[in-house]
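Morning, everyone. I will go through one structure today, starting with a term and then moving from parts to whole.

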Amino acid sequence: MRQDPLWRAVALLGVSWRRAALAVLLGVLALGSAIALAAVSAWLIARASQMPPVLTLSVATVAVRTFGISRGVLRYLERLASHTIALRGMATLRTRIYESLAVGRLESVASLRRGDLLARVGADVDSVGDVVVRGLLPAAVAAVLAVASTLLVGTLHPGAAAALALCLVLAGVVAPWLAAVGARSTEADGSAARADMASLAQEIVDDAAVLTVSGHLDERLAALRAADRRLAASTDRGARTSGVASALGNLAVGAAVLGALLLAVPAVASGTLAPVELAVVVLTPLAAFEALQVLPAAAIQISRSRQAAIRVVALLDSADTHPASLADAPTPVAVDDGEHEGHLVASALTCGWPGREPVVSDLHLTVHPGQAVAVVGPSGTGKTTLLMTLAGLLPPVDGTLLLDGTPLGSLPRATVAATAALTTEDAHVFDTSVLENLRVARGTTTEDEAAAALSLAGLDAWLAALPDGVHTQLGPDARTVSGGERRRLLVARALCSAAPVLLVDEPGEHLDPATADALVTDLLALRDSTEPRGLVLATHRLSALRTVDEIIVLDAGGVLARGTHDALLATCTAYRVSVEAESTQDPAAPSPTTVPCSRTT
Amino acid sequence: MKPLDPRLLRFARPARGYILLVTATGTATAALVVAQALLVAAALAPVVSSGASLEDVAGPLRWLLLVVVLRAVVHGVQERYAHRAAARVIMDLRAQLVARAARLGPRWSASGRGTDVVTLATRGLDDLAPYLVRYLPQLLLAVTVTPATLLVVLGLDWISAAIIAATIPLVPIFMILVGQMTQSTSQRRLAVMERLGAQSLDLLAGLPTLRAFGREHGPATRVRDLGEAYTRSTMGTLRVAFLSGMVLELLTTLSVALVAVGVGLRLVHGDVGLEPALAVLVLAPEVYQPLRQIGVHFHASLDGITAAQKAFDVLEVEPPAAGTLPAPDLRHAEIRLEGVGVDAPGRGVRAPAGLTCTIRPGRIVALVGPSGAGKTTAVLVLLGLLTPEVGGVSVGGLPLTDIAPASWREQIAWLPQRTALPPGTIRSALGGRGPHGGALLDGSRAGTDAEERLRTVARLTGLDDVLRTLPAGLDSVIGHGGVGLSVGQRQRVALTAALLGTEQLVVLDEPTAHLDALSETQVLDSVRALRDAGRTVVLVAHRASLVAVADDVVTVRSEATVEPSSPARDRAVVHS
């Protein structure tokens, strides 16, 4: 039971069992009122037909009216109670998912496809929450009431009670089971189609322009329709079973009435059952089945929620496996005051993504505030992977990485992030204001600091044109921002960070050469400011690197050469060739220091 | 809110047949409900009043058996086909919705509606299932079972019929009242749901970034707050929605109780017989049953109706009318942009502004200008994806708006800044050039020639270096957005595909972004190779190296629209 993903996910909702018990009690009383109403009015009519003194009926008439009122009121209270439980649970589960992804393995977040991710956090959490309202609580209420009405009829006529119990099992166990089987086959057949459908819909809307121009749009739309057809076909197959289930549930109600008549009528003739009681025995079942009406839906919900729970639990489990070197760190997490100078030393470092070939090996690197190191090399040589390792986001495959003398892996994540802040090439721009996007780096960034950082990143004209200044909303995925603006916004964000060491991946991308070089020069100037920073830049543009303290040239798998710009020009052929290639392709900028005339404003 | 929006029948063809089915099963159910009540009463009354034996009531019991079986069959058939119809309606609407969203263009979806449409298509529309499977049949039962049973009660005991008839109008009145109160909250709830979806997704998508700054713990509060806002807003809706349920149950149960008490008291005085009294007792709840079920499924189906209405609203946005003329052959025809200006939404800027230039066949044209000047937007205009606020594009003298889009785009290959590769293998990304690319890699005829050509081109673009790092080479599977390949690697795949293709006009948006100087040489060689093959190239360029290979350089400028500025004349300068 503890291993069942549904129960694990339901446990994550953090439901208070006292509240759940209250909801069940209210439900039993509400639907119990309906059964009591049917039983008492059947008795009332049958007794009245014997024309007794009216006074003998007064208790029954009051009871009938009371049950008529209590049912609606109690049901209202029950529904509020159960829905509150579920919604609170869903909020709790959503937060827990976020929290565990926030500390878990980076790949489990990075590799999820957007459409699928949306389906996971949204629909799956809703589904796990729904199981409380639509599955577990109604099932508990129905079970209590089924037993109670069988006992009631049993006191009058055991045979009719047995028939009723049989029909209750048919409607309350067999029909829901069949309905769940039908729904499960629908889900199992349809889940792949549904995931395809969601990611196709996302892809088509996201990449509509590219697909339109390349002529692939109709083909992708056809693929969407095909996925949807598979989804509809699985619904259709499941519907056959649920049609049978529905018919059986309906048949059970009629069969209970028919059975009661067949068994109890001879009992009246033989005198073992009073005629008045016959009316109760025959008419009560009609109401008793009402509590069971929701059970097929409940069973479907439980089976559907179990599938969602499996995905939710799998997502949590995949994120839960910490990177080996962090989880198995032999030294306990060092006590830390949070303040670090930012002296980062890598020795014989090998980096790579877990489960893949290492991309950089045997790397030695030292950086501290006031110093700048550039990592250069062709695309795909592992510059980004190296930066992510230096930022503590990926565990080193081999070698040591010390921050102020302490292994990076044994320091709290918050301390590492506060000391070495990474800006990746594909960093996310959030669907919020410019200011909030900069505050991602440091929550206390003021409007003035934000404006200063944007200006340093060359965005002052852009900022001036924004209708609400730094409070302008950027929209989803920042698609209204141009590529170059996005790049500079990310650099501005890095500038807002208080970390003594900044790790910046490709700061000059999407910028014209002059602006790119100016931006790198501005970044390098941070070394000499009042609060000197250490810098590690990954770049493939070399012209602006003349003043960098050390340049590390990466080539397939390792360090090809290292030194200052001038030293490398003299000693490293590949470096010299690259610099020459850059300047010959830049006829307008024969020397990196000359501002080229192509700089447009 | 209309219980049955006529637009549903208009937009979703499968809904029409379903309405017919529901009407048929509804009518049959009405007859069977009445028959069952009369037969139960007929079997029960003689036994209670005069102790009749089983043989005495055998007739009604036999008929009762038949009715019970028939009712179950009708019920099963209704259920079985309701799911099928719902799945088809949802499928139909989803396909139309996504297709329309894709055709409405990049500006429409960039304004946030794209994300909304995805949420609506993948989740919102599914709420139509409860509406179609549960709510709509009950709606039909309310117009068949309710009047039929009421008429029968009238024939049996007019006083009971009067009590029921007096309460029934209260049911819809209360439903309309409560429905109106619920509608605005339900629409708000859908908005909250979409916002929550988009924002939670945004936070999760940005988690790697948040973690890079060690800020991943702060937004947990935000996620919790979003969840609490969702709970509050939903409970607000539900308190009202359930109120409608309570009023309904109160009205219906209480009047059934009043009917039972009334009949009971009149039985004592001999004003009514036992058999009609029992029949009325069984029928009274059945009169209200469909109305009650409408109440039960009301709020679940309301989400479906609201989602459907949002879908209809999108479907009613007409995409700009497409031209019909065949596009002139770009091997000979010139493309001219004349005073093109596009307003950047919400930024008070026109970017580009007054862009005028000519793109001649077989030449390399570079669009240059500072970041945010509107170079990429100019490309969208050129591709016909965006209609400019002022100015226009003409091809060989024909306005682009008169040209059939398909015939225009089949002559164009476009590499956007963030290259999106179709899911599949690298081979399919290169070879699957869609309906109008060359069938270069289908392996059928001249398969080895194609492989040879691919090798040559891959060497030129540097894709061969990428392929060497992949164990599966050309057959490596790449996901949505090219997961597993870096941005630069994706770009090389797309560049190779463009070189292998036969489109006359190749549009490259910053092709050397993400590339180092050495691979930049490969891109420049590729661009030259394109020109050598006689193809026209439009480049969005930042780097001087790219500008240098261009035959024509066009400077793109933006201008502020918030303050009145001098008319933008000759804003674009063409150097040759």
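Two strands count as paired if DSSP finds at least two bridges between them. Keep that in mind for the hairpin I am about to show. One caution before that: this is a predicted model.

The hairpin is in chain A. Strand S9 (residues 550-555) of chain A and strand S10 (residues 558-563) of chain A run antiparallel, and five bridges join them. At the turn end, Asp555(A) stands opposite Gly558(A) in S10(A). The hairpin of S9(A) and S10(A) has two residues between the strands, and Gly557(A) there takes a positive phi near 90 degrees.

Next, a sheet in chain A. It is an open sheet of four strands with antiparallel pairing, and the order is S2-S1-S4-S5 (chain A). Which strands are at the edges? They are strand S2 (360-367) and strand S5 (406-407) of chain A, each of which pairs on one side only. Strand S1 (residues 344-351) of chain A pairs with S2(A) in the antiparallel sense, over five bridges. To find one position in that pairing, look for Ala346(A), whose bridge partner in S2(A) is Leu365(A).

A helix goes with this sheet. Helix H12 (residues 383-390) of chain A lies across S1 and S2 of chain A and runs at about 130 degrees to S1(A). Is H12(A) mostly covered or mostly open? It is mostly covered, as eight of its eight residues are buried. The buried residues of H12(A) include Lys383(A), along with Leu386(A), Leu387(A) and Met388(A). After H12(A) comes Gly392(A), which has a positive phi, near 80 degrees.

Now two long helices of chain A. In general, a pair of packed helices is described by the angle between their axes and the distance between those axes. Helix H6 (residues 158-206) of chain A packs against H8(A) at an angle of about 175 degrees, and their axes are 8 Å apart. Angles over 145 degrees count as roughly antiparallel, so H6(A) is roughly antiparallel to H8(A). The contact of H6(A) with H8(A) has 33 nonpolar, twelve polar and nine charged residues.

H8(A) comes up again in the largest nonpolar core. That core has 394 residues, and the ones that touch the most other members are Ile45(A), Ala264(A), Ala366(B) and Leu539(B). H8(A) gives the most to this core, with 22 residues. Take Ala264(A) and leave aside its neighbours within four places in sequence: the residues in contact with Ala264(A) include His157(A), Ala160(A) and Leu273(A).

And H8(A) has a part where the two chains meet. The contact takes 153 residues from chain A and 152 residues from chain B. On the side of chain A that touches chain B, helix H8 (residues 217-269) of chain A gives the most, with 29 residues. By class, that side of chain A divides into 84 nonpolar, 42 polar and 27 charged residues.

Let me compare two single residues. The first is Val28(A), in helix H2 (residues 17-48) of chain A. Is Val28(A) buried or exposed? A residue needs 20 or more other C-beta atoms within 10 Å to count as buried, and Val28(A) is buried because it has 20. Beyond four places in sequence, Val28(A) is in contact with Val141(A), Val144(A) and Leu145(A). Its C-alpha is 9.2 Å from that of Glu78(A), with the two positions 50 residues apart in sequence numbering.

The second is Pro319(B), in the loop between helix H10 (274-315) and strand S1 (335-341) of chain B. Pro319(B) counts as partly exposed because it has 13 C-beta neighbours inside 10 Å. Not counting residues up to four places away in sequence, Pro319(B) touches Arg103(B) and Leu104(B). Pro319(B) and Ala102(B) are 217 residues apart in sequence, yet 9.8 Å apart in space, C-alpha to C-alpha.

Last, the chains as wholes. Chain A has 20 helices and ten strands, and chain B has 18 helices and 15 strands. Of the 601 residues of chain A, 59% count as buried; for the 576 residues in chain B, the share is 57%. Among contacts in chain B between residues at least 6 apart in sequence, 79% join residues at least 24 apart.

That is the tour.

How values were computed: Residues are numbered from 1 along each chain as its sequence is written. Chains are lettered from A and ligands numbered from 1 in the order in which they are written. This is a predicted model: local features need pLDDT of at least 70, side-chain atom pairs count only at pLDDT 80 or more; totals for chains, interfaces and linings use all residues. Two residues are in contact if their C-beta atoms, placed from the backbone, lie within 7 Å. Ala, Val, Leu, Ile, Met, Phe, Trp, Tyr, Cys and Pro count as nonpolar, Asp, Glu, Lys and Arg as charged, and the others, Gly among them, as polar. Axes are lines fitted to C-alpha atoms, for helices over the stretch in contact, and angles run from 0 to 180 degrees between N-to-C directions. Angles under 35 degrees count as roughly parallel, over 145 as roughly antiparallel, 65 to 115 as roughly perpendicular and the rest as oblique. A residue is buried if 20 or more other C-beta atoms lie within 10 Å of its own, exposed if 12 or fewer, and partly exposed in between; C-beta atoms are placed from the backbone. A nonpolar core is a set of buried Ala, Val, Leu, Ile, Met, Phe, Trp, Tyr and Cys residues joined through C-beta atoms within 7 Å.
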